[in-house]
Amino acid sequence: MNFQNNLEFARGLDAKDVLKSFRQKFFIPQHNGKDGIYFTGNSLGLQPKSTASYVQQELDDWAKLGVEGHFQAKTPWMPYHEIFPKQLSKIVGCKENEVVVMNQLTVNLHLLMVTFYRPDKQRYKIICEARAFPSDQYAFETQAKYHGLNPVDAVIEVSPRTGEHTLRTEDILSTIQQHGDSVAVVLFGGVNYYTGQLFDIKAITEAAHSVGAYAGFDLAHAAGNVELKLHDWDVDFACWCSYKYLNSGPGGVAGAYIHEKHAANKELPRFAGWWGYKKETRFKMEKGFEAIPTAEGWQLSNAPVLSMAAHKAALDIVEEAGVDKLHEKRKLLARYLHYVLNDINNRQAEKIIEIITPDKEEERGCQVSMLMLKRGKEIFDELTKQGVIADWREPNVIRVAPVPLYNSFEDIYRFGEIISSILI
Ligand SMILES: *Cc1c(COP(=O)(O)O)cnc(C)c1O
């Protein structure tokens, strides 16, 4: 498609957008009485208008039924988490017995590392991306220390080449090969939070397996954003949060995936709790942990129902929109945003914005990371003043993410206009 950077063209794309009515289902933060340009769905997805009624239902059931709500609520609380695998398995590409909603992201990362990172003298390294999200870095560092290892030896980061911002798949794969049978686990993001680079999950998983290591992924920036086929790609484990692209509210309940071949293995070591115990006899409250032979076997605690109600409201909207349609629109939004930014760059005497997110569609999701070569913070502050909600990452990156459920092509055009007016 030949794009044009003008309002009429952007509105034309919106007119043809089969998902355009979904914007009405969300509260859009206001700026001077008008919709702001919300480009931080990669940080905190917007609130669906339906969320309140889902949460209210649980509050009402609690008021009316008290403890009986565990069995008598409209959606009984005891098996509440069982409402998620059907929808989530489509979003992350797995079987229903491979996915569970529980805890929060970093907690799940630690729990999965307890199972899949069990270093010995020979095999003790974690291979990860340099500049992984800080919480992940701290998890890797402290897991290594917990096992009595020096993180400097145990945590191997793959960095971009000098002068480059993103990783080359060939460099990731060769690092894994180079460390060979000293690698215990390869643990990458799906999409890097800083650059927006989407990694080749399938190739990384194959490389990990070829040296006898497990492959795990933190999908915080991938779940609900890019196409995932965790089961077919043979990924061992993964986790994600629900409050970014999955619109389930601040600090919302998170998700985890464990490949069926491991999920059914009740012998795998884990930190257990009663909610992972086999359901038939859970309430006999007997000694001796017996795991549910699915991803549910990693649960610790009973379901946080209020947070899960918000998650359900958001997933029902994803289901109504259709995962495939979301991906189609997401790609077109990202292409249009890249086009508009390149058009602005071409009209400047001096380049100010360098897009560090890969240009190739298969290497990115919604997010575009703009490295500001000059006046970065000043431009960011001015964007904020003019109603653009983007995010600033030190030292000089502005991240923007138009998301298919509630952003429009007009949002992108208006963003371009505002940034051009600031650059003049
Ligand atoms: C957002 C994000 C987190 C946040 O972790 P919480 O446990 O949800 O606070 C962790 N890791 C990555 C990669 C993220 O993008």
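**View 1. Cys 241 is a buried cysteine, with a relative accessibility of 2%.** The model shown in this and every other view is predicted. The burial call follows because 2% falls under the 20% limit for relative accessible area. There are 0 disulfides in the structure. Cys 241 takes part in none. Its nearest cysteine sulfur belongs to Cys 239, 9.3 Å away. That pair is not counted as a disulfide because the sulfur atoms would have to lie within 2.5 Å. Cys 366 is likewise in no disulfide. For Cys 366, the nearest cysteine sulfur is that of Cys 241, at 14 Å. Cys 366 counts as buried, with 1% relative accessibility.

**View 2. Nine named residues surround the ligand: Leu 105, Thr 106, Phe 133, Asp 136, Asp 218, Ala 220, His 221, Tyr 243 and Lys 244.** Three of the side chains are picked out here by their distances to ligand atoms. Lys 244 places a polar side-chain atom 2.5 Å from a ligand oxygen. Thr 106 also points to an oxygen atom of the ligand, with a polar side-chain atom at 2.6 Å. Asp 218 pairs with a nitrogen instead: an N or O atom of its side chain is 3.2 Å from a nitrogen atom of the ligand.

**View 3. The largest nonpolar core has 64 residues.** Leu 88, Phe 188, Phe 217, Leu 219, Trp 240 and Leu 405 touch the most other members. Helix H11 (residues 305-321) gives the largest share, 7 residues. Domain 1 (7-49 + 322-423) and domain 2 (79-302) each supply at least three residues. A second core lies apart from this one. That other core holds 35 residues, among them Val 368, Phe 380, Val 388 and Ala 390. In soluble globular proteins, nonpolar side chains tend to be buried together.

**View 4. Leu 219 is shown with the residues it touches, leaving out those up to four places away in sequence.** The partners are Gly 190, Ile 201, Leu 228, Leu 230, Ala 238, Cys 239 and Trp 240. Leu 219 and Trp 240 are both among the core members that touch the most others.

**View 5. Domain 1 meets domain 2.** The protein chain is divided into domain 1 (7-49 + 322-423) and domain 2 (79-302). Their centres, taken over C-alpha atoms, are 29 Å apart. On the domain 1 side, 34 residues make contact with 22 residues of domain 2.

**View 6. A cis peptide bond links Glu 394 to Pro 395.** Omega there is about 0 degrees. Pro 395 sits in the loop between strand E14 (391-393) and strand E15 (397-400). Most residues other than glycine have a negative phi, and most peptide bonds are trans.

**View 7. Asp 234 has a positive phi, near 70 degrees.** Asp 234 is a residue other than glycine. Its loop runs between strand E8 (214-218) and strand E9 (237-240). The relative accessible area of Asp 234 is 27%, so this residue is partly exposed.

**View 8. Asn 247 has a positive phi too, near 55 degrees.** Asn 247 lies in the loop between E9 and strand E10 (255-258). Is Asn 247 buried or exposed? With 4% relative accessibility, Asn 247 counts as buried.

Key:
Residues numbered from 1 in each chain as written. Predicted model: local features only at pLDDT ≥ 70, side-chain atom pairs only at ≥ 80, totals over all residues. Heavy atoms only, no water. Core = buried A, V, L, I, M, F, W, Y, C linked by side-chain atoms within 4.5 Å. Buried < 20%, exposed > 50% of the residue type's maximum accessible area, 1.4 Å probe, protein only. Helix = DSSP H or I, 4+ residues; strand = E, 2+ residues; numbered from the N terminus. Domains from an automatic or database assignment. Contact = heavy atoms within 4.5 Å. Near = heavy atom within 4 Å. Polar contact = N/O pair within 3.5 Å; in protein donor to acceptor, adjacent residues only side chain to side chain.
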